Amino acid sequence: KQGRGLVPGPRGLPILGNVLEVPATKAWFYFRTLGKRFGPLISFSIVGERVLILNRGSDAVELLGKRASIYSSRPNLVFAGKYWSQNRRLVFLPYGDHLKHLRAAFHHMLQSRNAGAYDVHQEVEACKLTYDMLIKPEDVFLNIKRYASALIYSLAYGRRLEGNDEDLKNILGAIFDIDHHVRPGAHLVDSLPILDKLPDVLAPWRKHALQGYKRTTAIYGGLAKDVLQRVSQGDVSTECFTARLWAQQEKLNLDDESIAYLAGTAFEAGAGTTSGEVLWFLAAAVLYPETVKIARSEMDAILHDRAPMLQDLESLPYCTGLVKEVLRWGPAVPAGIPHRLDRDDTYQDYRITEGTTVIANIWAMHHDEETYDNPKVFEPRRWTGQESGLNRASLLEGHFGFGFGRRICPGRALGAASVWIAIVRLIWAFDIHPDIDETTQRPARPDPYNPENWAGELITEPREFPVRVVPRSEEHADAIRREWDSLSELGDGIYRRPAE
Ligand code: HEM
């Protein structure tokens with residue numbers, strides 16, 4: 001074969017390329033289907049921009065991982081990145097010094113003073129999740145979303161979400177806006193950056209984006225200033241990302257707005273992903289009830305009725321394998337976040353040109369038969385039985401759910417542990433049954449192979465399905481009520497409880 005051709009892919013129209021073929025929604029399914037015709041690497045163009053799709057993990061490890069020095073940029077998002085975010089959202093930044101600076105600050109922000117300090121937050125909120133399931137069984141999905149939001153809110157702003165519902169409404173509004181504006185095709189200027197050369201009068205979208213920036217800055221800025229005020233009154237004694245940034249503001253060389261956006265970004269990137277994974281667990285529990293039974297017997301045998309804590313993670317290999325399997329089987333970010341290639345490159349027999357947008361189809365990678373045996377099947381045992389056992393770090397290995405190389409998710413350890421404690425607590429306390437689906441008149445089957453069962457585009461979750469989460473016994477329901485009652489009595493000191 002002659003070398004150095006372009007990666008194969010569907011032939012598109014002149015100028016428009018394949019823009020009319022690529023579906024605007026759930027594109028990871030379409031990209032996987034293309035793989036059946038063209039192989040694991042596929043390329044095409046969209047209005048002049050080259051796009052490379054990676055459907056197999058080993059290619060992503062090579063390109064986005066080993067060659068990270070040139071594959072770590074992001075496509076240029078003029079509307080959402082340059083104007084709406086004023087380059088303060090690190091997730092949209094091209095690779096370079098500004099990104100490195102903000103990623104370093106982000107790491108610093110997540111660095112807890114005390115080992116295990118987040119465990120208390122995660123366990124308190126997981127207890128609240130089980131309590132909510134008891135008292136609001138009709139709100140199964142909402143209870144899980146509330147869990148993830150309350151957790152990130154407490155870590156980011158050092159106080160409980162309860163009683164601060166207005167904040168949650170504002171933050172979710174800001175997330176909704178930004179999500180809306182990054183959708184493919186949302187703004188022509190993102191496909192044709194030359195339009196950014198137009199003067200304001202011919203580019204009314206610019207004003208619109210700047211207003212969005214102002215609105216979001218008021219929300220995130222207000223929350224960050226409030227932390228500063230509470231710190232000065234000696235009123236933030238718990239874990240708090242924002243307080244940590246204020247304390248190091250000079251050393252980290254951050255202006256006030258950057259601090260506000262770093263904490264806001266943690267919320268944007270961390271809440272929907274965490275709840276998305278816990279919700280995919282619900283789908284797995286309905287489709288593979290025997291795995292939940294095995295996990296529960298393991299817990300009962302080892303913990304003797306006690307509710308699981310994060311410190312039990314290594315003693316519960318099947319449960320930990322189950323959580324890892326959730327991260328593989330139902331990735332919350334199925335098409336990753338696009339990377340961009342900074343220089344011409346060659347790979348295998350192919351030429352990949354500078355500026356190519358590289359999409360890691362994480363969902364296809366996780367369902368690739370050459371990588372995993374029977375990938376369609378939810379099977380926790382594929383992760384157990386290794387001699388070294390499973391620990392917190394191994395939750396992050398063997399799959400691609402947290403992305404790649406220099407853009408790998410900086411919140412992955414926190415996210416994986418939050419997903420773990422929520423899932424094992426739910427298994428410990430509740431039976432999960434499918435409810436009758438009104439259209440089919442059969443028990444719901446939220447099969448992830450059907451695009452109809454997915455909600456969301458960048459950050460996803462299973463579309464809501466009828467499910468019942470019922471306490472497994474009156475003793476377990478009582479234990480949850482008792483635990484929550486004693487935690488609530490601690491008031492603001494709730495997260496200071498020594499982890500027993
Ligand atoms: C189970 C939960 C989570 C999942 C599945 C997840 C997944 C991902 C993925 C796939 C990416 C894209 C990586 C790439 O471009 O290659 C990403 C990026 C990111 N994540 Fe997460 N994430 C989770 C939780 C979190 C949490 C809790 C935080 C913050 C506290 C967070 C913060 C971020 C940030 C800031 C980025 C952008 C990094 C960059 O552009 O350099 N994530 N995440």
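**Two crossing helices and a ligand shell**

Helices α12 and α14 are roughly perpendicular to each other, and this pair makes a good place to begin. Please keep in mind as you read that the model is predicted. In the chain, α12 covers residues 256–287 and α14 covers residues 317–329. Where the two helices pack, the angle between them is about 100° and their axes are 9 Å apart. Angles from 65 to 115 degrees count as roughly perpendicular, so that description fits this pair.

Which residues bring α12 and α14 together? From α12 come E277, W280, F281 and A284, and on the α14 side they meet V326, L327 and W329. Sorted by character, the residues of this contact are six nonpolar and one charged, with no polar residue.

Helix α12 turns up again when we move to the ligand. How many residues surround the ligand? There are 28 of them, and the closest are G270, G403, C409, G411 and G415. The largest share of this shell, seven residues, is supplied by α12. Two other helices, α4 (97–110) and α16, also supply at least two residues each. Taken as a whole, the shell around the ligand has 16 nonpolar, nine polar and three charged residues.

One member of that closest group, C409, deserves a visit of its own. An unreviewed UniProt entry lists C409 under "binding site". You will find C409 in the loop between α15 (362–366) and α16 (412–429). Is C409 buried or exposed? A residue counts as buried when 20 or more other C-beta atoms lie within 10 Å of its own. C409 has 20 such atoms within that distance, so it is buried. Setting aside residues up to four places away in sequence, C409 touches F402, G403 and G415. Two of these partners, G403 and G415, are themselves listed among the residues closest to the ligand.

Next, let us look at two loop residues with an unusual backbone feature to point out. K26 is not a glycine, yet its phi is positive, at about 50°. K26 is in the loop between β1 (5–6) and α1 (27–38), and it counts as buried because it has 20 C-beta neighbours inside 10 Å. Q86 is another residue other than glycine with a positive phi, in this case near 45°. Its loop runs between α3 (78–83) and α4. With 17 other C-beta atoms within 10 Å, Q86 is partly exposed.

Two further loop residues help to give a feeling for distances across the model. P40 lies in the loop between α1 and β2 (41–46), and its 19 C-beta neighbours inside 10 Å make it partly exposed. Leaving aside neighbours within four places in sequence, P40 is in contact with G35, N55, R56 and D59. R159, which is 119 residues from P40 along the chain, has its C-alpha atom 46 Å from that of P40.

Our last stop is Q348, in the loop between β5 (345–347) and β6 (350–352). Is Q348 buried or exposed? It counts as exposed, because just 11 C-beta neighbours lie inside 10 Å. The C-alpha atoms of Q348 and L279 are separated by 39 Å, and the two residues are 69 apart along the chain.

Terms used. Residues are numbered from 1 along each chain as its sequence is written. This is a predicted model: local features need pLDDT of at least 70, side-chain atom pairs count only at pLDDT 80 or more; totals for chains, interfaces and linings use all residues. Axes are lines fitted to C-alpha atoms, for helices over the stretch in contact, and angles run from 0 to 180 degrees between N-to-C directions. Helices (H or I, at least four residues) and strands (E, at least two) are DSSP runs, numbered from the N terminus. Angles under 35 degrees count as roughly parallel, over 145 as roughly antiparallel, 65 to 115 as roughly perpendicular and the rest as oblique. Two residues are in contact if their C-beta atoms, placed from the backbone, lie within 7 Å. Ala, Val, Leu, Ile, Met, Phe, Trp, Tyr, Cys and Pro count as nonpolar, Asp, Glu, Lys and Arg as charged, and the others, Gly among them, as polar. UniProt positions are given in the numbering used here, feature names are shortened, and annotations may be inferred rather than shown by experiment. A residue is buried if 20 or more other C-beta atoms lie within 10 Å of its own, exposed if 12 or fewer, and partly exposed in between; C-beta atoms are placed from the backbone. A residue is near a molecule or strand if its C-beta atom, placed from the backbone, lies within 6 Å of it.
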